[in-house]
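Thank you for passing this one along for comment. My notes are set out below as numbered points, to be read beside the coordinates.

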Amino acid sequence: MTAVQALREGALAALVAVALAVPMLGLKLEHGVGGLSVHGRWEFLLLAAAIVGLGRGLMVCAGTSGIFEGLWRGRGGKAAAPGQTLWQRHWGYAALAALIAAIALPFMPFADRYVVDTATQVLIYVLLGWGLNIVVGLAGLLDLGYVAFYAVGAYSFALLGTEFGFGFWMCLPLAGVFAASFGILLGYPVLRLRGDYLAIVTLGFGEIVRVVLVNWVDFSGGPNGVTGVPRPTLFGLEFTKRVGDGTAFHDYFGIDYSGQYRIIFLYFIILGIALLTNFFVLRIRKLPLGRAWEALREDEIACRALGINPVNTKLSAFALGAMFGGFAGSFFATRSGFISPESFTFIESAIILAIVVLGGMGSQIGVVLAAAAIILLPEFLREFSEFRMLAFGSAMVLIMIWKPRGLLSRRQPTIRLAGREAPP
Amino acid sequence: MAYFLQQLINGVTLGSIYGLIAIGYTMVYGIIGMINFAHGEIYMIGAFVAIISFTILGAAGITWVPLALLLVLVVTMLFTALYGWTVERVAYRPLRGSQRLAALISAIGMSLALQNYVLLSQGAGVKAISPIIEGRFDVYEADNFLVTLSYIQIFIVILTVVLMAAFASLISGTSLGRAQRACEQDRTMATLLGIDVDRTISLTFVMGAALAAVAGVMVTLYYGVIDFFMGFIAGLKAFTAAVLGGIGSLPGAMLGGMLLGMVEAFWSGYFTVEYKDVAAFGILVLVLIFRPSGLLGRPEIEKV
Amino acid sequence: MSVLLTVEHLTMRFGGLVAIDDLSFIAEPEQITAIIGPNGAGKTTVFNCLTGFYKPSVGRLALRGHGDETYLLERMDGFRSARAGIARTFQNIRLFPAMSVLENLVVAQHNALMRASAFSIAGLLGLPAYRAAEDEAIELARHWLERVGLVEHADRGASELPYGAQRRLEIARAMCTRPVLLCLDEPAAGLNPRESAELNQLLLNIRDEQQIGILLIEHDMNVVMGISDHIVVLDYGKLIADGDPATVRADPAVIRAYLGETEEGAA
């Protein structure tokens, strides 16, 4: 009877879809000569009905057979550990391949300025994703205002450079420290709050930071932002065509100037920091702090009963996540040499959250893939780029319904008893 | 004094709008224990439907204001209620047993999706409509300042009061209201007693959406200008209002809305306009830190 | 041998409701003290007051904890009382479901490991001091897994275990915090008779080998009467009997309120 059920559910869903679509899709507001007018676009209604109806019908069919689950599990032989997916058995190779590809990228023949720059952008989002992953994925704290730390990092980096004349290598760690401190400042009063409330408060904080940046012109330059952000140097060698006092990179090495060098250099710096971040996160998951984060996410009350201080543990997650966000902000600032409050809206927080959610909360590789997808897909699918946020939002809902722990994660224990020798 | 009075009038009007939206948040939070992040977008959709309906009515030649208002209210409430129902069915019901985080993320995803849905279907530009209810009373003049009370402001406040009264009696008097309160307190027990929990929850969402729709109509009439992003800020503030008044409490939502509206009006009037949103968020943070149960709410005791 | 836990005039009010009314009793070390009574009598509330989840309205709760120090539990937050030496399990099992059985037990040793790793910094650097501490922690975990019979499941997810095993895991986890007082909230709930008997044996072994005190909330009279050295009976938040099992079993007030007319009791 599944066919009949599928048909019926499909038809019902199509009906609802049409009703919903009438005001928004079916009618369009236009500002005409005489004022506002409304035009009909009835084709869309048909489209909506078809897509939704078919989709729902298929869902009902697929739900009764287990095809999706089977596909996902992969054809596992006896060698597979219980519950492991295809992906999990081979991820080591994938990671190595990705690393090699990343290092080799700038030297590839097709790698022009644009490619490396885009890769840099992906890496910035990977850093942001890993940072938020600590807060949301590991510690289970829903932070909707992560963009605030991104902004604090970017602005402290920029202002330390322009106001105090510090160089790149001085500003970077300081920006991280500022962001982490901000994380502690923000976190301390609110980390006692329950999930939903924490989410809204952090959202509010993100907005407050943005509003302050826009309006406190003396401090932040207001909507005009900050220019002249410090650029990376290699042991004092600068990457500009002509330098004031110092030596230029190309002069030192006796090669022609190319704008590429700075871009490639920045790319490798970010790649290096990203790898360090990855190492840090993977290590800390095996340490008491990382485990405490995950335990807190699972059951805070049990944690308290075990003597774990929830506030301090949450604060550490917040602060470390903020620090990485601050680093990412610094890279963002130095990449374009200019920042303004426009880049630090709630949408950014939402995108970073989407990266963490889609990639699998707690999964490092997942974040990389999600960040790559989120940055690269719109580049390849230019015509569809305006559908980007709609796709993310819908994807977040779908992923939560289908696989609440994200596409790629099925947590593996960080410590095993098997294989350890028992004491004599 | 005159200026003060004007801010007061503005504040009460604004507060009514916030209160109507806040009720949606508080009812949903009361019954399923989560924040409906998409509620702000429901309100925004209500405003869009309202503006579309007004435009159509205008083009169709129905210009007698009371009739147009009635029609628009009904139509907007219907469509918005349907959206509210769909959001619950699609994004929240499947996650009812899951971890908190999953439901929250789904809600945020829904909010994003709705915002962009409207952005894509109606365009990013602001939509403006010529005033429909015009006219006002000149109430009081002093210090070179004229205090006015516009018809639309009166309409908003009166409609809000009427709706509040209707809702209060609905909640306390009818079986639906009883079912709601039962579900709020103990969902499992309610199921065992034969209450259709799914239906009760759906109806809660629908009612909240309907009220948000009314707020959307009001805003369209009051400001005459809407855009796809208005739900975000309004939603945040309305949630602040709900928390301020005590989440889960209907009179609390209204009270919170009023207070917030007044704070915002006075802040803009006497300090700066740019930071008025910051003032609202500041209140949210302070309330959640110092008195999370709000003004009229009962402190929640953790069941360990 | 001085007293382990002294509860004096404990009163807990929630608004107008008095959950616990002027309760006083003593728990001795190396003894199993059972707290029994009808549902709603306030037993779990007592635990919550002892372990810092509720702040008592009135009362003094003195624990002779780690280092023989006296800790006043009524002033301590949840996690601090755990550091004083009190460990507990919950009425509704609270494991860390996404983590493995072994990880659950290692998390329990968080504080010791944090100290040894200098807040994880030594761990990040891979210093041997931390690795030694971690090995020690794993050995303690292994020890308790063997005691509760879950060693083969060490690397499985905690949520995959059957119900009885989960209860045992919760006890093992509590023991990994090296407590001086173990508080168990209905550990036998949902266990079949064989499992109950095993639980009895486990608790007796813990009492004798670890030389700690055990506080037990239970409805299963076989467990209570079988292993308790001392029973405290609550009804509507008030103490109605306090003594050894034989005395309590014969107490008419207890029989009326809780046990029922037959001696075996209505568990």
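The points that follow deal with a sheet in chain C and then with the contact between chains A and B.

1. Please keep in mind throughout that this is a predicted model, and that what I describe is computed from it.

2. I would begin with the sheet of chain C, an open sheet of 6 strands in the order β6-β7-β8-β3-β9-β10, in which the pairing is mixed. Its edge strands are β6 (86-88) and β10 (238-243) of chain C, each of which pairs on one side only. From one strand to the next the twist averages 15 degrees. As background, strands of a sheet pair through backbone hydrogen bonds, either parallel or antiparallel.

3. For a parallel pair, look at strand β7 (residues 181-185) and strand β8 (residues 213-217) of chain C, which are joined in the parallel sense over 5 bridges. Within this pair, Leu184(C) stands opposite Leu216(C), a residue of β8(C). Helix α8 (residues 193-210) of chain C lies across β7 and β8 as well as β3 (32-36) of that chain, and its direction is at about 150 degrees to β8(C).

4. Strand β9 (residues 230-235) of chain C deserves its own paragraph. Is it enclosed or open? Because 5 of its 6 residues are buried, β9 of chain C is largely enclosed by the rest of the structure. On one pairing, β3(C) and β9(C) run parallel and are joined by 4 bridges, with Val232(C) in β9(C) as the bridge partner of Ile35(C).

5. The other pairing of β9(C) is with β10(C), where the two strands run antiparallel and 5 bridges join them; here Ile231(C) stands opposite Gly243(C) of β10(C). These two strands form a hairpin with 2 residues between them, and Tyr236(C), in the turn, has a positive phi of about 50 degrees, a detail that can be checked directly in the displayed model.

6. Turning to the contact between chains A and B, 47 residues of chain A are in contact with 52 residues of chain B. On the chain A side, the elements that each supply at least two residues are α1 (2-26), β1 (27-32), β2 (35-40), α7 (168-190), α8 (195-215), α15 (346-359) and α17 (388-402). The largest share of that side, 12 residues, comes from α8(A).

7. What is the make-up of the side of chain A that touches chain B, in nonpolar, polar and charged residues? The residues there divide into 35 nonpolar, 8 polar and 4 charged.

Notes
Residues are numbered from 1 along each chain as its sequence is written. Chains are lettered from A and ligands numbered from 1 in the order in which they are written. This is a predicted model: local features need pLDDT of at least 70, side-chain atom pairs count only at pLDDT 80 or more; totals for chains, interfaces and linings use all residues. Two residues are in contact if their C-beta atoms, placed from the backbone, lie within 7 Å. Ala, Val, Leu, Ile, Met, Phe, Trp, Tyr, Cys and Pro count as nonpolar, Asp, Glu, Lys and Arg as charged, and the others, Gly among them, as polar. Two strands pair if DSSP finds at least two bridges between them. Axes are lines fitted to C-alpha atoms, for helices over the stretch in contact, and angles run from 0 to 180 degrees between N-to-C directions. A residue is buried if 20 or more other C-beta atoms lie within 10 Å of its own, exposed if 12 or fewer, and partly exposed in between; C-beta atoms are placed from the backbone.
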